[in-house]
Amino acid sequence: ELCGWLVWHDNDSRKNAKGWPDLCLVKPGGYPALFWELKSARGKPTAEQLAWLHCLSLADGLDVRLLRPADWPTIQAILTERRNERVA
């Protein structure tokens, strides 16, 4: 949110479709919508999670990923990237 993204985080996955990604982010200005599944370093995605990630990855304009703590530099780079900014 600090970087201008609208954030939806799955705090209680029991209320959602099985396997739906943990984190969904959108931001105006030419950014793709982000659908990210978050796992621990050793966590394994379920079959339902893999199915959602696969189906979402087939759609245009989405950034679909399975991310782990080691991916933090990539996460930071994506969330802080500047696009379509007007220069005065």
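**Exercise 1. Find which residues leucine 79 touches, leaving out residues up to four places away in sequence, and place leucine 79 in the nonpolar core.**

Solution. Step one: list the contacts. Leucine 79 touches Cys3, Trp5, Leu25, Lys27, Leu34 and Trp36, once residues up to four places away in sequence are set aside. A word on the source before we go on: this is a predicted model.

Step two: look for leucine 79 in the core. The largest nonpolar core has 10 residues, namely Trp5, Leu23, Leu25, Tyr31, Leu34, Trp36, Leu67, Ile75, Ile78 and Leu79. E2, E3 and H2 each bring at least two residues to this core. H2 gives the largest share, with three residues. As general background, nonpolar side chains in soluble globular proteins tend to be buried together.

Step three: follow one of those contacts back. Cysteine 3 sits in the segment before E1. Apart from residues up to four places away in sequence, cysteine 3 touches Lys27, Leu79 and Thr80. Cysteine 3 and threonine 80 are 77 residues apart in sequence, yet their C-alpha atoms are 6.1 Å apart in space.

**Exercise 2. Work out the order of the strands in the sheet and which strands stand at the edges.**

Solution. Step one: set out the elements. The protein chain has two helices and four strands, and from the N terminus on they run β-β-β-α-β-α.

Step two: order the strands. The four strands form an open sheet, E1-E2-E3-E4, with mixed pairing. Strand E1 (6–9) and strand E4 (62–67) each have a single partner strand, so they stand at the edges and one side of each is left without a neighbour in the sheet. On average, neighbouring strands of this sheet are turned by 15 degrees against each other, direction ignored.

Step three: go through the pairs.

- E1 and E2 are antiparallel, over four bridges; here leucine 6 stands opposite valine 26 in E2.
- E2 and E3 are also antiparallel, over three bridges; leucine 25 has leucine 34 in E3 as its bridge partner.
- E3 (residues 33–38) and E4 are parallel, over six bridges; tryptophan 36 stands opposite arginine 65 in E4.

Step four: inspect the connection from E2 to E3. These two strands form a hairpin with six residues between them, and glycine 29 in the turn has a positive phi of about 110 degrees.

**Exercise 3. Describe where the two helices lie against the strands.**

Solution. Step one: take helix H1 (residues 47–57). It lies across E3 and E4 and runs at about 155 degrees to E4.

Step two: take helix H2 (residues 72–80). It packs on the sheet and touches strand E2 (23–26), E3 and E4, while its direction makes about 160 degrees with that of E3.

**Exercise 4. Decide whether glutamate 37 is buried or exposed, and find which backbone atom its side chain reaches.**

Solution. Step one: locate the residue. Glutamate 37 is found in strand E3.

Step two: apply the cut-off. Buried means under 20% relative accessible area. Glutamate 37 has a relative accessible area of 2%, so it is buried.

Step three: look for a partner. The side chain of glutamate 37 reaches the backbone nitrogen of aspartate 22 at 3.4 Å. Aspartate 22 is also one of the residues that glutamate 37 touches; among the others are Trp20, Gln49, Leu53 and Arg65, not counting residues up to four places away in sequence.

**Exercise 5. Classify serine 40 by its accessibility and name its contacts beyond four places in sequence.**

Solution. Step one: locate it. Serine 40 lies in the loop between E3 and H1.

Step two: classify it. With 44% relative accessibility, serine 40 counts as partly exposed. Cysteine 3, with a relative accessible area of 33%, is partly exposed too.

Step three: find the contacts. Leaving aside neighbours within four places in sequence, serine 40 is in contact with Arg68 and Pro69. The C-alpha atoms of serine 40 and arginine 68 are 5.6 Å apart in space, with their positions 28 residues apart in sequence counted as the separation.

**Exercise 6. Give the overall picture: what share of the chain is buried, and what box do its C-alpha atoms fill?**

Solution. Step one: of the 88 residues of the protein chain, 28% count as buried. Step two: along the principal axes, the C-alpha atoms fill a box of roughly 50 × 25 × 25 Å. Step three: the accessible surface comes to about 6400 Å², and 56% of it belongs to carbon and sulfur atoms.

How values were computed. Residues numbered from 1 in each chain as written. Predicted model: local features only at pLDDT ≥ 70, side-chain atom pairs only at ≥ 80, totals over all residues. Heavy atoms only, no water. Pairing = 2+ DSSP bridges. Axes fitted to C-alpha atoms, helices over the stretch in contact; angles between N-to-C directions. Contact = heavy atoms within 4.5 Å. Buried < 20%, exposed > 50% of the residue type's maximum accessible area, 1.4 Å probe, protein only. Polar contact = N/O pair within 3.5 Å; in protein donor to acceptor, adjacent residues only side chain to side chain. Areas by Shrake-Rupley, 256 points an atom, 1.4 Å probe, with all protein chains shown as cover. Core = buried A, V, L, I, M, F, W, Y, C linked by side-chain atoms within 4.5 Å.
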